[in-house]
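Welcome! Please bring up the sequence and the model, and let us walk through a helix and the spaces inside this structure together.

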Amino acid sequence: MTETTSPEQRSLRGLEDTDAYLASLRDSLTTPRDTDYLLLAGDLPAEAVDARARMRAYVDAHVLPVINGYWERAEFPWDLLPPLAATGLVGGVLRGHGAAGLSRLAAGLATVEMARGDGSMNTFLGVQANLTMGTIDLLGSDEQKDRWLPAMVRLEKIGAFALTEPRRGSDSAQLDTSARRDGDTWIINGAKRWIGNGSMAHVTVIWARDEADGEVKAFVAEREDPRDPETLPPGLTARTIDGKIGKRAILQADLGFENLRIPEANRLPGARSFRDTSRVLATTRGGASWESLGHAVACFEAAVAYTEVREQFGHPLAGNQLVQNTLASMLSELSAMQLICFRMAELQEKGTWTGTMASIAKFHTANKARVIAQQARDLLGGNGLLLDFHVARHLTDMEVVHTYEGTEFIQSLLIGRKVTGRSAF
């Protein structure tokens, strides 16, 4: 007898064939490849090699298998925190209180690996370690460091850094949020916007202008359980920003303060003016460049893997001249980004890294990573629009990186002021 199949069975078989084919295209998109064509890794100290390996293992085992779902649902992946703490890398370059105490190069390479996995998790860790923990470490008292930093290293307490305001972006020195001393407490009024971890933080560093002397100071608001809305302190409102096209798996928030009382014991004594705010920001300069490199690496790896497997007109895309030209362009720009980042780490360790250097690095790396992500999206064609092919997530996350730590336009004005001696803003 001749076996017959129904139209429904044939349709189902066709879908199964489609799924199998798409799986073959996705199979190696996130597999690490050698992108060190200028042989920079040959000179890496053991500490840097170890930090990169530990973060890569964490990303490959824990982040990449699940992050697309969290990104699409705009949910923060709380379950990824315990294995992240177990890497021993939380705290980056900070020393003491259990922090990692890495060199600038080791911390940068760990950032590349995290961003290669996901930008939301990278921003979470940057806010936690570099901005919040970094502020407490630089400007806090010994008692305050002992009180907050160990739990933050273990990721038992989450931190947020509340500087940016609804009316203040790049002109952050002109803060509207106010602080007024009232006995042993401070009364905070105002608002903040785009605060990473803002609606999920146990510890939030709030920058506000003292009404008495007009100087900017830092205060730490505490919350027992940020996953329980009932634990919000009176006078503090936290509202997660919805509708983002990038960095969807990190919760960024609008914060409102109406007569929020913070005890004097939670004022950071080292924060006496906006110059101290700038000191904190100076220690974080360069993070966006390392992150840009990570996104660029992820997109380049995905593009190479895809074009090796995807066939059109009888042969793999990788055999086409235009495709090879695009891959060569991507690799050359990626290599230049690597050189900038490695040199940055060297100058930071020497203490000769400047604001102009940071602007040059951010200007170049964010621009080029954005282009590399766009080129990868093009090479993946329609599949480049899908989350499970990963490139779309990196592409939209780079739109965020392109904006924070100063846009291309702000960086160009900072560089231009140094070159010409004239301020255009």
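A good place to begin is glutamate 405, which follows α12 and has a positive phi, near 60°. Helices here are DSSP runs (H or I, at least four residues) numbered from the N terminus. Before going on, note that this is a predicted model, in which local features need pLDDT of at least 70, side-chain atom pairs count only at pLDDT 80 or more, and totals for chains, interfaces and linings use all residues. Residues are numbered from 1 along each chain as its sequence is written, and side-chain values use heavy atoms, with hydrogens and water left out.

Now turn to helix α12 itself, residues 391-403. At 1.5 Å a residue, its 13 residues should span 18 Å, and the end C-alpha atoms are 19 Å apart, which agrees; the expected span is 1.5 Å times one less than the number of residues. Is α12 enclosed or open? It is largely enclosed by the rest of the structure, because 11 of its 13 residues are buried (under 20% relative accessible area, with a 1.4 Å probe and protein chains only). Among these buried residues are Val391, His394, Met398 and His402. The buried residues of α12 pack against α3 (67-73), α5 (104-117), α6 (119-139), α9 (287-309), α11 (355-379) and α13 (408-420), where contact means heavy atoms within 4.5 Å.

His394 also helps to line the second largest cavity, together with Leu29, Thr30, Leu64, Arg116, Ala298, Glu301 and His390. A cavity is a set of points on a 1 Å grid over the protein atoms alone where a 1.4 Å probe fits but cannot get out, a pocket is an open set with protein on both sides within 12 Å along at least five of seven lines, and lining residues have an atom within 4 Å of a point. This cavity holds about 40 Å³ of space; grid points are joined across faces, edges and corners, and a volume is the space filled by probe spheres set on the points.

There are 3 cavities of 30 Å³ or more, and the largest has a volume of about 60 Å³. Its lining includes Gly198, Thr204, Glu222, Arg223 and Pro233.

Finally, look at the second largest pocket, with a volume of about 290 Å³. Of the 18 residues that line this pocket, Thr35, Asp36, Arg52, Arg56 and Gln338 lie nearest its centre. The elements giving two or more residues to the lining are α2 (46-63), α5, α9 and α10 (321-350), and α5 gives the most, with 4 residues.

Definitions and conventions: Buried means under 20% relative accessible area, exposed over 50%, partly exposed in between (1.4 Å probe, protein chains only).
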